[in-house]
Structures are given as C-alpha cells and as structure tokens.
Amino acid sequence: GLKYLKINQEFTFYIISAVAMRLVISIPFLLPAPAQPGITRLFGITIPVYYTQHGTYFAWLLEIFDEESRYGIFKVWTPYPPLYSFLLYSLFKFAGSVNTQWTSWYLVNALSDFGTAILVWKLIYNTHGKTLHFNKIAPLAYLYSISPLPIFFTVTASVYDPTVVFLCILSLYLANKKAILSSLAAAFGASLKLFPILLFPAYLLSRDRHGKLRFAVSFVLFLLCFNLPLYFVNPSNFMSPFFWQAGRPPWSSVYALVLGGFGRTYLVRSPLYADLSPPVPPVNWDYYLVGIVPSPQVFVNPIGPQDTGLYNRLAEIVVGVALGGSALVSIKRRLDLTSLFVALLSATFITSSGWSPEFFLYLLPFIPLILKPERAFYVCLVMQFLLLIEFPVSVYLVPAPFNTRVFWVTVLIQDLFLAYLWLAPLAGARGSRSIRRIREIVVRFFVLVR
C-alpha cells in the first residue's frame with residue numbers, strides 16, 4: 001500500500017513538474033507585444049508578432065490556408081501527406097480568426113505532448129518497475145518532462161510532430177492490450193507523417209505474439225480508409241507531396257555534407273525547390289544545412305514525378321538495404337516491439353537524405369524503454385545538446401566560416417549516436433560492446449578533427 005501511494009504521489013508530482021516546466025518556458029513567448037496589425041492572442045495573452053510574420057512556420061501555414069480557401073481544399077497540396085493538409089484546413093476553417101487559429105494549433109500540440117508525457121511515465125514504470133527500484137527509474141520519466149526539445153517544439157508551435165509522436169507511443173502502449181485500437185493510432189499517425197508506418201513491420205517481426213493478424217489487417221484497412229477517399233477526389237494532388245519529397249535535395253545529412261559541406265552552394269533548379277525565406281546577411285547558411293520552406297504558391301498546381309538525382313536514388317537504396325538487413329537480424333534475435341521500432345526508426349534517420357531536429361522527438365520517449373536507465377539518461381541528454389549546437393547555435397550564433405564546420409562535426413557525432421540506437425537493439429546482449437566501439441570511434445574522430 002505504501003509503495004502504491006508513493007508511486008501515485010510521484011506521478012502527481014511528475015505531471016505538475018511537466019506542466020510547470022512548459023508554462024515557465026512559455027512566458028517569454030507570451031509577453032505582450034506592441035499593438036500591430038495581425039498579432040494574435042492565446043487565452044487573452046498577446047502573442048509576439050513573430051508568429052504571424054513572414055518566414056515562420058505558423059505564418060507559412062496561414063499562407064497555405066489562404067491558398068486552400070481561394071482555390072479549394074482539394075486543389076491545393078502541401079509537402080505533407082494529404083490527410084494532414086485536410087485536417088489543418090478543417091481546423092483553421094473551424095477556428096475562424098487568426099487568434100483562434102493560433103490557439104487551436106497550439107492546443108493540439110500541447111495536448112499531444114501532455115499525452116505523450118503521461119504514456120512515457122506508464123511505459124517506463126511497466127518496463128522497469130518490476131526489476132528496478134523506483135528511485136532508479138524515476139529520473140528516466142522526469143527526463144521527458146524537463147527535456148528542452150519537446151518543450152521547444154510545443155511552445156513555439158513550429159511543427160506538428162508532437163501529435164504524430166503521441167499517436168506512435170499510444171499505438172505501442174495499446175499493442176499488447178488492444179491490437180485494433182493500436183493499429184488505428186498507427187494508421188492515423190502514418191497518414192499524417194510516414195514515420196509511424198514502421199510500426200507495421202516492427203509489430204509483425206517482433207517476438208510479441210498478441211494480435212498480430214488483427215493488427216496487420218486492421219492497420220491496412222484503416223490506412224485505406226484514411227487515404228483512399230482523398231486519392232479518389234484528386235489523384236494528382238494526392239500524389240504531389242510524395243513526388244515533391246522524392247525530388248527534394250539532401251539536407252543536414254551525410255549526403256548533404258558531400259554535396260554542400262565543402263563550400264558548394266545549393267543551386268535552385270526549379271521553383272518547387274526554391275526557399276521562401278533565404279538567409280539574410282550576416283547569417284551564413286545554406287539549404288544543404290537547414291532545408292527549405294517552399295512558397296505556398298507552388299502548391300496550387302499538381303506535379304508529376306520529379307528528377308530524384310543521384311543522391312536521392314542512392315539514399316533510397318541505402319534506406320531499403322538498412323531496413324531489410326535490420327528486419328532479417330530482428331527475425332533471428334526475436335526483438336521486442338519497442339526495440340525493433342527504435343532500430344528501424346534510427347536506421348531510417350541515419351541513412352535517409354534529410355534530417356531535421358524534430359525527428360528526434362520520435363526517439364526520445366522510447367530510448368528509456370530499450371536502454372539501461374543510466375545509459376538512456378545520458379544518451380537523451382547528449383543528443384539534445386548536440387541538436388542545440390546543430391540548430392540554432394551553429395547556424396546563427398557561430399561566426400562564418402567556422403559555423404559550417406561546427407555544424408557538420410555536430411551532425412557526424414549525432415549520426416554516431418543514431419548508429420548506436422540502430423545497432424545496439426539488434427546486437428542484443430552484445431550492446432555493451434557496441435557502446436565501447438562507438439566511444440572509441442568518437443575519441444578517434446575528435447583526435448582527427450584536432
């Protein structure tokens with residue numbers, strides 16, 4: 001009874017700390033701004049004009065909404081899966097004013113992040129609670145509540161990934177209890193962003209036997225239900241986001257380092273891949289570093305297959321080989337669902353042509369579930385520190401030309417950690433040896449850099 005009471009008290013304190021941490025960090029973003037046209041309010045508090053000015057993600061979404069309102073929701077595509085575009089338009093249309101639109105967008109991310117925090121606690125306790133003392137597993141749970149990455153992306157409302165991450169962790173939480181509901185969350189997430197689709201092979205190849213057939217069949221059916229109606233309404237618009245992404249040049253990856261890390265500048269070959277807000281001096285960065293935000297005007301006309309380029313084709317082959325090899329190893333090792341999902345995600349991130357800091361949101365909740373507590377704590381901490389150096393420190397705060405060197409060194413070290421998260425679960429009991437090898441590689445790398 002005392003143990004149960006302590007766990008309940010700790011959970012209550014955990015929720016309070018998660019909420020308090022987010023409110024404290026939100027304060028700078030909610031300070032009153034000078035009265036200007038277009039500023040928004042969140043629960044009656046004035047939001048800085050930053051959120052509605054040209055060049056921010058929310059402002060970009062508003063421009064897309066304007067195009068959808070002008071031409072029709074089914075005649076405008078975005079770089080994201082069609083269901084996301086449809087739901088975003090519906091949310092903004094229902095909200096009405098810019099003020100309510102911002103509040104609604106913020107709440108979707110905030111509630112998703114809060115749901116993820118609750119499920120992180122439950123999964124960590126279910127995973128480690130029977131074998132470790134509570135005092136050892138509590139720091140893992142608290143780590144998510146105070147981690148800067150989910151707080152930053154939730155407070156700034158700069159991406160919609162917190163919602164997709166919540167659907168991923170919800171699917172894993174339900175996997176051994178309610179296979180059909182688990183497949184519903186996974187299929188819905190995969191219809192908003194493609195990463196959750198890796199839950200499908202992970203579920204089928206894992207050692208977990210509960211409801212595999214039900215999950216597989218219902219996942220496919222839910223995926224078709226979410227996407228087929230949108231495809232039949234306008235097939236060319238439905239396929240345009242996938243064609244655009246396939247032709248998108250590399251960014252923040254090894255492929256981008258080879259293409260642009262040694263001084264070569266990205267050359268715009270099509271209006272589809274022109275940046276809406278190019279860097280303004282003295283900021284010195286390039287598309288190969290931080291990616292591109294295309295103009296909403298190019299989304300009005302559907303597009304066909306794009307020239308993928310050598311590096312995109314190479315990346316697709318490498319991703320396929322990495323995922324196929326991981327699948328073969330997992331069959332022999334009989335991995336659990338979470339470990340295999342993390343391995344497949346990490347393999348995708350390290351071998352694909354592009355990387356964005358928000359991608360780590362998909363790994364952060366699951367690392368404590370597959371690594372020993374102390375190791376998981378330091379991996380999560382160091383990875384977020386590297387992401388902070390990668391962006392915005394190296395891009396905006398470090399003077400040129402030294403900033404690009406800092407950026408690419410950080411990316412390479414980050415890739416070593418992604419390689420560990422990919423290979424350690426596949427190595428099973430030999431994971432500790434993998435750590436020592438990666439540590440030796442990092443030390444040698446620093447020696448070479450110096």
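This passage looks at cysteines, a nonpolar surface patch and two loop residues in a predicted model.

The cysteines make a convenient starting point. A disulfide is a covalent bond between the sulfur atoms of two cysteines. A search covering the whole structure returned 0 disulfides. Two cysteines can be placed by their accessibility: Cys168 has a relative accessibility of 2% and is buried, and Cys380, with a relative accessible area of 0%, is buried as well.

Attention then turns to the surface. A nonpolar patch of about 760 Å² is built from Leu213, Val217, Val220, Leu221, Leu224, Leu228, Tyr231 and Phe232. One of these residues, Tyr231, belongs to helix α10, which spans residues 212-233. Tyr231 is partly exposed, because its relative accessibility of 31% lies between the 20% limit for buried residues and the 50% limit for exposed ones.

The backbone offers two further points of interest for anyone browsing the loops. Ser252 sits in the loop that links α11 (235-247) with α12 (254-260). Its phi is near 55°, a positive value in a residue other than glycine. Ser252 counts as buried because its relative accessibility is 5%, and buried means under 20%.

Arg334, also not a glycine, has a positive phi of about 55°. Arg334 is located in the loop between α14 (309-333) and α15 (337-351). With a relative accessible area of 43%, Arg334 is partly exposed, whereas Ser252 is buried.

Terms used:
Residues are numbered from 1 along each chain as its sequence is written. This is a predicted model: local features need pLDDT of at least 70, side-chain atom pairs count only at pLDDT 80 or more; totals for chains, interfaces and linings use all residues. Side-chain values use heavy atoms; hydrogens and water are left out. A disulfide is a pair of cysteine sulfur atoms within 2.5 Å. Buried means under 20% relative accessible area, exposed over 50%, partly exposed in between (1.4 Å probe, protein chains only). Patches are made of residues with over 30% relative accessible area and no salt bridge: like charges are joined within 9 Å, nonpolar side chains (Val, Leu, Ile, Met, Phe, Trp, Tyr) within 5 Å. Accessible areas come from the Shrake-Rupley method with a 1.4 Å probe; for residues, only the protein chains shown count as cover. A salt bridge is a side-chain nitrogen of Lys or Arg within 4 Å of a carboxyl oxygen of Asp or Glu. Helices (H or I, at least four residues) and strands (E, at least two) are DSSP runs, numbered from the N terminus.
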